[in-house]
Amino acid sequence: MTECNQRSFLFEEHFSRKVTARFDGGQQTSDAGGLLLREADRRLNLLKRFAGCFLDGRSAGRIDHPIEEMVAQRVYGIALGYEDLNDHEQLRHDPLLAVMAGRTETDSALAGKSTLNRLELSTKKVDRYKKILCDTESVDRLLVDVFLEAHRRAPKQIVLDLDATDFPIHGRQEGRFFHGFYDHYCYLPLYIFCGSHLLGARLRQSNRDGSAGALEEVQRIVGQIRRSWPKVRIILRADSGFCRDELMAWCESHHVDFVFGLARNSRLEAILAPQLQKAAAQFTRTQKRARLFTEFQYETLDSWSCRRRVIGKAEHTEGKSNPRFVVTSLGGELWPPQKLYEDLYCARGDMENRIKEQLSLFADRVSAETMQANQLRIYFSAMAYLLVDGLRRLALAGTELARAQVWTIRLHLLKIGAQLRMTVRRIWISMATSYPRQQLFQHAWASLRC
C-alpha cells in the first residue's frame with residue numbers, strides 16, 4: 001500500500017462550517033476499555049504465568065523487550081481485535097497498550113512485528129537464531145489451573161465437552177491436507193471445554209480421525225483435575241466423532257462417565273423401528289412433531305469390547321423420520337432416556353458458541369509455516385479468551401453482558417476512545433464523555449477492584 005503523506009482531509013461542509021479531519025490528536029487510544037482486561041489479569045495472574053512458560057535464551061544486557069512484555073502485548077492485542085502482527089507497527093506506539101503490557105518507559109515503543117514474529121516462531125530447542133523456547137506442557141497445565149482456581153470449592157460434578165473444528169489453510173504449511181467433509185485444505189484442532197472454561201486446545205492435521213489424540217488429552221486433563229478434586233464426578237460429552245471404544249473403555253476403567261452421539265446404521269434403525277412407526281402415526285394424527293424415546297443394550301459387530309446402554313430418539317417431522325442415538329455409561333435411575341438426551345446431551349450445542357469465540361480471537365489465523373508456530377498462535381488466542389472470559393465471569397455477572405460473546409464485549413466495553421496525558425506522578429486517561437455504557441463500565445471496574 002502506498003504510504004499516505006496527506007495531512008488534512010476535507011469533508012462535506014456542515015452548513016456554513018468547513019469539516020476538516022487530521023491525524024494530529026496526540027496521545028489517544030481507541031481501546032481504553034482494555035484497562036478492564038488489565039484488572040482481570042491482576043485477579044487471574046494469567047499473563048505473568050503464561051510468560052513463565054517461555055525460556056528466554058537471549059543476552060539479558062541486549063534485550064529491549066522482555067518476554068513478559070511481549071506476551072502481554074500480543075495477548076492484549078488479540079483480545080482488543082488486532083489480528084495481525086503487522087498491526088503492531090502502529091500499535092507499538094499506543095501509550096495505553098504500553099501501560100497494559102507493563103512497559104516501564106511508556107513513551108518508548110513496544111516490540112515491532114519482527115520481534116513479535118520471533119516470539120511466535122519459538123522452537124523446542126534454543127539455537128543461535130531462535131533463542132526463545134515455549135514449554136507447551138506448561139501452557140497446557142496453565143489452562144486447567146485457571147479452571148480449577150475459578151472454583152472456591154470442588155463441584156460435585158463437571159461435564160467436559162470435546163469437539164473438533166476446521167481451520168482453513170491457504171499456503172504450503174506443514175501438515176497440509178485436504179479434508180473431504182469440509183471441502184478444503186485445513187487443520188482439525190481439538191477443543192475441550194467445561195462450560196465456558198477452556199481446558200485444552202490442540203492443533204492437529206486433518207488426515208486423521210476426528211477423535212485422534214482425544215484420549216491423551218482427556219487423560220492429562222482428568223488427571224490434573226483429580227489431583228485437586230479427587231471426588232469430583234466427571235462426564236465426557238461429545239458427538240459421534242468421538243464414539244470410539246478406546247475412549248469409552250478408558251472412561252469405564254477410570255470412573256469417568258460419558259455420553260456420546262452414536263452414528264446411526266441399519267441395525268440401530270431396525271431396533272428403533274417400532275418407536276419410529278408410533279412417532280409417524282402420532283404425527284399423522286396431530287400434524288405436530290412427534291418424539292419418542294427408548295433405551296436398549298447394544299454392541300457393535302467387531303469394534304466395541306462390550307455391550308453398552310444406548311438411547312434412541314424416534315422423531316417424526318413433516319415428511320420424514322429423524323432417528324438419533326447416543327451411547328452412555330450413565331444409569332437409567334438418574335438419567336431416564338428423554339432427560340438424558342434433551343437435558344444433558346443436547347446441551348453440548350453451547351460448545352459451538354465457545355469455538356466461535358476462539359474464531360473471534362483469531363485462533364484460525366494458522367498461516368505460519370510450521371505446526372509448532374501455529375499451535376503457539378492458538379495458545380495466544382486461548383490466553384486472550386481466558387482474559388475476556390475472566391472479565392465476563394468476574395465483572396459482568398448480573399449485567400446485560402453476562403452471557404455476551406467475546407466480540408460483543410469487545411465492541412461495547414473495550415472499544416472506548418480516550419486521550420492520555422502523562423505527568424511525573426500520574427497517567428490521566430480521559431475517556432469519551434459521550435460513551436453510552438458508563439454505568440456498565442463502573443460496575444465492571446468495581447467488581448474487579450473488590
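**Aromatic pairs, sheets and enclosed spaces**

Both Phe 193 and Tyr 385 are buried, a term that denotes under 20% relative accessible area, with exposed meaning over 50% and partly exposed lying in between, for a 1.4 Å probe and protein chains only. The model is predicted: local features require pLDDT of at least 70 and side-chain atom pairs count only at pLDDT 80 or more, whereas totals for chains, interfaces and linings use all residues. Residues are numbered from 1 along each chain as its sequence is written, and side-chain values use heavy atoms, with hydrogens and water left out.

The structure holds 15 aromatic pairs. The rings of Phe 193 and Tyr 385 form one edge-to-face pair, because their centres are 6.1 Å apart and their planes stand at 90°. Rings of Phe, Tyr and Trp (its six-membered ring) pair if their centres lie within 6.5 Å; planes under 30 degrees apart are stacked, over 60 edge-to-face, and the rest tilted. This contact links distant parts of the chain, since Phe 193 belongs to strand β10 (residues 190-194) and Tyr 385 to helix α14 (residues 371-395), 192 residues apart. Helices (H or I, at least four residues) and strands (E, at least two) are DSSP runs, numbered from the N terminus. The rings of Phe 296 and Tyr 298 also pair edge-to-face, because their centres lie 6.4 Å apart and their planes meet at 85°. Phe 296 and Tyr 298 are both buried. Ring pairs further join Phe 167, Tyr 191, Phe 193 and Tyr 385 into a cluster.

Aromatic rings also meet charged groups. The charged end of Arg 176 sits over the ring of Tyr 185, at 3.6 Å from its centre; the criterion is NZ of Lys or CZ of Arg within 6 Å of the ring centre and within 35 degrees of the ring normal. Likewise, the charged end of Arg 426 sits over the ring of Trp 428, at 5.0 Å from its centre.

Attention now turns to strand β15 (residues 308-317). Nine of its ten residues are buried, so β15 is largely enclosed by the rest of the structure. Strand β14 (residues 290-298) runs antiparallel to β15 and is joined to it by nine bridges; two strands pair if DSSP finds at least two bridges between them. Within this pairing, Glu 295 has Ile 311 of β15 as its bridge partner. Five bridges connect β15 to strand β17 (residues 324-328), again antiparallel, and Val 310 is there matched with Val 327 in β17. Strand β16 (residues 320-321) pairs with β15 in the antiparallel sense over two bridges, and Thr 317 stands opposite Lys 320 in β16. The hairpin of β15 and β16 has two residues between the strands, and Gly 319 takes a positive phi near 90° in it.

An open sheet of three strands has the order β3-β18-β19, with antiparallel pairing. The edges are β3 (28-29) and β19 (427-431), each with a single partner strand, so one side of each is left without a neighbour in the sheet. Two bridges pair β3 with strand β18 (residues 418-422) in the antiparallel sense, and Thr 29 stands opposite Ala 418 in β18.

Thr 29 also belongs to the lining of the largest pocket: among its 17 lining residues, Phe 23, Gly 26, Gln 28, Thr 29 and Gln 90 lie nearest the centre. On a 1 Å grid over the protein atoms alone, a pocket is an open set of points with protein on both sides within 12 Å along at least five of seven lines, a cavity is a set where a 1.4 Å probe fits but cannot get out, and lining residues have an atom within 4 Å of a point. The largest pocket has a volume of about 600 Å³. The elements that contribute two or more residues to its lining are β3 and α4 (88-91).

By the cavity rule, the count comes to two cavities of 30 Å³ or more. The largest cavity has a volume of about 50 Å³, where volume is the space filled by probe spheres set on grid points joined across faces, edges and corners. The largest cavity is lined by Arg 74, Ile 78, Glu 83, Leu 361, Phe 362, Arg 365, Arg 377 and Ser 381. Both α3 (67-79) and α14 supply at least two residues of this lining. The second largest cavity contains about 40 Å³ of space. Thr 29 lines this cavity as well, together with Asp 31, Leu 80, Tyr 82, Leu 91, Asp 94, Leu 96 and Leu 97.
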